[in-house]
Amino acid sequence: MKESFNLDALLRDNIKKLVPYSSARDEFKGEASVLLDANENAFGSPYSKNYNRYPDPLQHHLKEKLYQIKGIPAEHTFLGNGSDEAIDILFRAFCEPGRDNVILVPPTYGMYEVSANINNVAYKKVNLTASYQLDLDGIAAAIDAYTKLIFICSPNNPTGNSINRHDIETILVNFDGIVVIDEAYINFSKQPSFAQALHEFPNMVVLQTLSKAWGLAALRLGMAFASKEIITVFNKIKPPYNINQATQEIVLEALSGIEQVNGWIKNIVVERDELSALLAELPQVEHVTPSDANFILVKLQEPRSLYNYLVGRGIIVRDRSKVELCEGCLRFTIGTPDENALIYQSVCEFYNNID
Ligand SMILES: Cc1ncc(COP(=O)(O)O)c(C=O)c1O
């Protein structure tokens, strides 16, 4: 539980003073039969379905459906054009370019650093430990008066492991800025989501996405869960219609497919553990990091040559072998059983050929 937190002290001045754009649909609420307020084309769309009207800026139906699934009320939910939009908004809300800084804990998801660079915000890197956990002393030493955000990805990309909950709580309690917990892969993990602890930590933003377990990457729907006050800030900054109508409609329908998704998650977890065990037995494989995600990080011999061999067979994996603390590693996303069998077979063939 975090006792005191001052959101106003963290916000950039321009955001505190910002008068948000007021869209036509913000200004009129209720039933109407003639909509001549938003300069739309009243005739329709050149398509089998009409998309001529602007969508709901705050995606009420979608948030209601998400509430039924996740139990997090709409006032605590921001929806973005992928969680990448939420990451960008965090920088724009809290970080004064050229003055403030954020803390990153590599190896981790690359967008935090890219977003910092786009926004001209400095970052301090405090590497994870050799076992891919937080270096709490290093983080404490890196925090200064201008540190606004700390990004923690759990389960972490590209390592796949979960970060110790108690360590994350230590940071939440002791850091007076915003702690961002990116749970893009939480559906594959047995760990409970931090989103269930929103009432304990007013300085926490939990990111989730429909791009992974939910199989909806192309629709671009990311979620941020936080206090009502933080969500109000997000909504003030976002483009008025950031989630398009087609995405809102399709996602609303797709969210009914929860049983299918849960079935896939079970399969992926079984496949992940089987492939991990098989690969770990190969003499050329030094280590498979135990994964709570839908991918595995594998340290093995000749990673670059293996990567090229797989590319030659039309199989694309992620080469992380030059990333600090992931030296010698490739990251394999868990695919269908056939794809996983093919990966395993191809890895074996590669090593048999060079022996
Ligand atoms: C940790 C993490 N967060 C966020 C994202 C991006 O999610 P979205 O598709 O919602 O922008 C990814 C994508 O790979 C990721 O690995």
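What covers the buried residues of α12? In this predicted model, the cover over the buried residues of α12 includes the strands β9 (295-300), β10 (318-319) and β11 (329-333), together with the helix α13 (337-354). The sections below begin with the domains of the chain, pass to the ligand and to K212, and then come back to this helix.

## Domains and their contact

The domain assignment divides the protein chain into domain 1, made of residues 7-26 and 55-256, and domain 2, made of residues 259-354. The centres of domain 1 and domain 2, taken over C-alpha atoms, are separated by 29 Å. Where the two meet, 21 residues of domain 1 are in contact with 20 residues of domain 2, and the side of domain 1 that touches domain 2 is made up of 10 nonpolar, 10 polar and one charged residues.

The UniProt record, in an unreviewed entry, gives a feature of its own, "domain: Aminotransferase class I/classII large", and places it at residues 49-340. In the model, the span of residues 49-340 is 36% helix and 17% strand, and its end C-alpha atoms lie 39 Å apart.

## The surroundings of the ligand

The residues around the ligand come from several places along the chain, and they are G82, S83, D84, Y109, C153, N157, D182, A184, T209, S211, A217 and G222. Sorted by class, this shell holds four nonpolar, six polar and two charged residues.

One of the residues around the ligand, N157, also takes part in a cis peptide bond, which runs from N157 to P158 and has an omega near 15°. A cis peptide bond also joins S154 and P155, with omega about -5°. P155 is found in the loop between β4 (147-153) and α8 (165-174), and P158 has its place in the loop between β4 and α8 as well.

## K212, a residue named in the record

For K212, UniProt lists "modified residue: N6-(pyridoxal phosphate)lysine", again in an unreviewed entry. The model places K212 in the loop between β6 (204-209) and β7 (222-225). Is K212 buried or exposed? K212 counts as buried, because 23 C-beta neighbours lie inside 10 Å, where 20 or more are needed.

Not counting residues up to four places away in sequence, K212 touches A184, Y185, N187 and N294. Of these, A184 is also among the residues around the ligand.

## Helix α12 and its two faces

Helix α12, residues 303-312, has P303, L306 and L310 as its buried residues. These three lie on the same side of α12, because they cover an arc of only 65° around the axis. A general feature of helices bears on this pattern: an α-helix has 3.6 residues a turn, so residues three or four places apart point the same way.

The face of α12 turned away from the buried side carries the exposed residues R304, S305, N308, V311 and G312. Just after α12, G314 takes a positive phi of about 80°.

## Residues brought together across the sequence

A93 is found in helix α5, residues 83-94, and it counts as buried because it has 24 C-beta neighbours inside 10 Å. Its C-alpha atom and that of I15 are separated by 6.2 Å, although the two residues are 78 residues apart along the chain. Leaving aside neighbours within four places in sequence, A93 is in contact with L11, R12, I15, V233 and I237.

S4, in the segment before α1 (7-10), is 172 residues from D176 in sequence, while their C-alpha atoms are 8.5 Å apart in space. S4 is nevertheless exposed, because 7 other C-beta atoms lie within 10 Å of its own, and a residue with 12 or fewer is classed in this way.

## Positive phi outside glycine

Q59, a residue other than glycine, has a phi near 50°, a positive value. Q59 is found in the loop between α3 (24-27) and α4 (60-70), and it counts as buried because it has 23 C-beta neighbours inside 10 Å.

L325 likewise has a positive phi, of about 75°, although it is not a glycine. L325 is found in the loop between β10 and β11, two strands that are among the elements covering the buried residues of α12. L325 is partly exposed, because 15 other C-beta atoms lie within 10 Å.

Notes
Residues numbered from 1 in each chain as written. Predicted model: local features only at pLDDT ≥ 70, side-chain atom pairs only at ≥ 80, totals over all residues. Near = placed C-beta within 6 Å. Nonpolar A, V, L, I, M, F, W, Y, C, P; charged D, E, K, R; others polar. Helix = DSSP H or I, 4+ residues; strand = E, 2+ residues; numbered from the N terminus. Domains from an automatic or database assignment. Contact = placed C-beta atoms within 7 Å. UniProt positions renumbered as here; feature names shortened; annotations may be inferred. Arc of directions from axis to C-beta.
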